[in-house]
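Trainee: I would like a close look at the salt bridges in this model. Please go through the partners and how each one sits relative to solvent.

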Amino acid sequence: MLLVPHYVAPSQIHGFGCFSSSNVDKGERIWEFHPLIDRVIHEADLASLPVHVVKLIRNHAEFIPDENVFRLAADGDFFMNHSNDPNFELFGNHATARRTIFIGEEITCDYR
């Protein structure tokens, strides 16, 4: 669940992206896992889903290899795009801003 005000809009990176509605300070916690917003899907369960749904999950969910699960967000995080120089840094079940994120800036993460 994103902890900062945000909105979804067209992205110069890819399709739509998630953008900050407020300035976010470096080191500020901007995301944390919340089971009401972030859906956990076990990799083994993908076999029971239609192909187009599996594709959506693989394209929009974060894969946690140690647990063999995907986490699919129900907020703007669903639209977060990859960057080789992201402003979002994940630490397990929470994330912080790697640097100041300004109003209107796309929030990005490193998919690798």
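Mentor: Start with Arg29. This is a predicted model, and in it Arg29 has a relative accessible area of 41%. That value lies between the 20% and 50% cut-offs, so Arg29 is partly exposed. Its salt-bridge partner is Glu32. The closest N and O atoms of Arg29 and Glu32 are 3.7 Å apart. That falls within the 4 Å limit, so the pair counts as a salt bridge. Glu32 is itself partly exposed, at 26% relative accessibility.

Next, take Glu62 and Arg71. These two residues also form a salt bridge, with the closest N and O atoms 3.0 Å apart. The acid and the base fall into separate exposure classes here. Glu62 comes out at 27% relative accessibility and is partly exposed. Arg71 has a relative accessible area of 9%. That is under 20%, so Arg71 is buried.

Now turn to Glu105 and Arg99. Their side chains meet in a salt bridge at 2.8 Å, N to O. In this pair the acid is the buried partner: Glu105 has 18% relative accessibility. The cut-off for buried is under 20%, so Glu105 qualifies. Arg99, at 32% relative accessibility, is partly exposed.

Put the pairs in context. The count for the model comes to four salt bridges. Among them are Arg29 with Glu32, Arg71 with Glu62 and Arg99 with Glu105. On the arginine side, Arg71 is buried, whereas Arg29 is partly exposed, as is Arg99. On the glutamate side, Glu105 is buried, while Glu32 is partly exposed, as is Glu62.

Definitions and conventions: Residues numbered from 1 in each chain as written. Predicted model: local features only at pLDDT ≥ 70, side-chain atom pairs only at ≥ 80, totals over all residues. Heavy atoms only, no water. Buried < 20%, exposed > 50% of the residue type's maximum accessible area, 1.4 Å probe, protein only.
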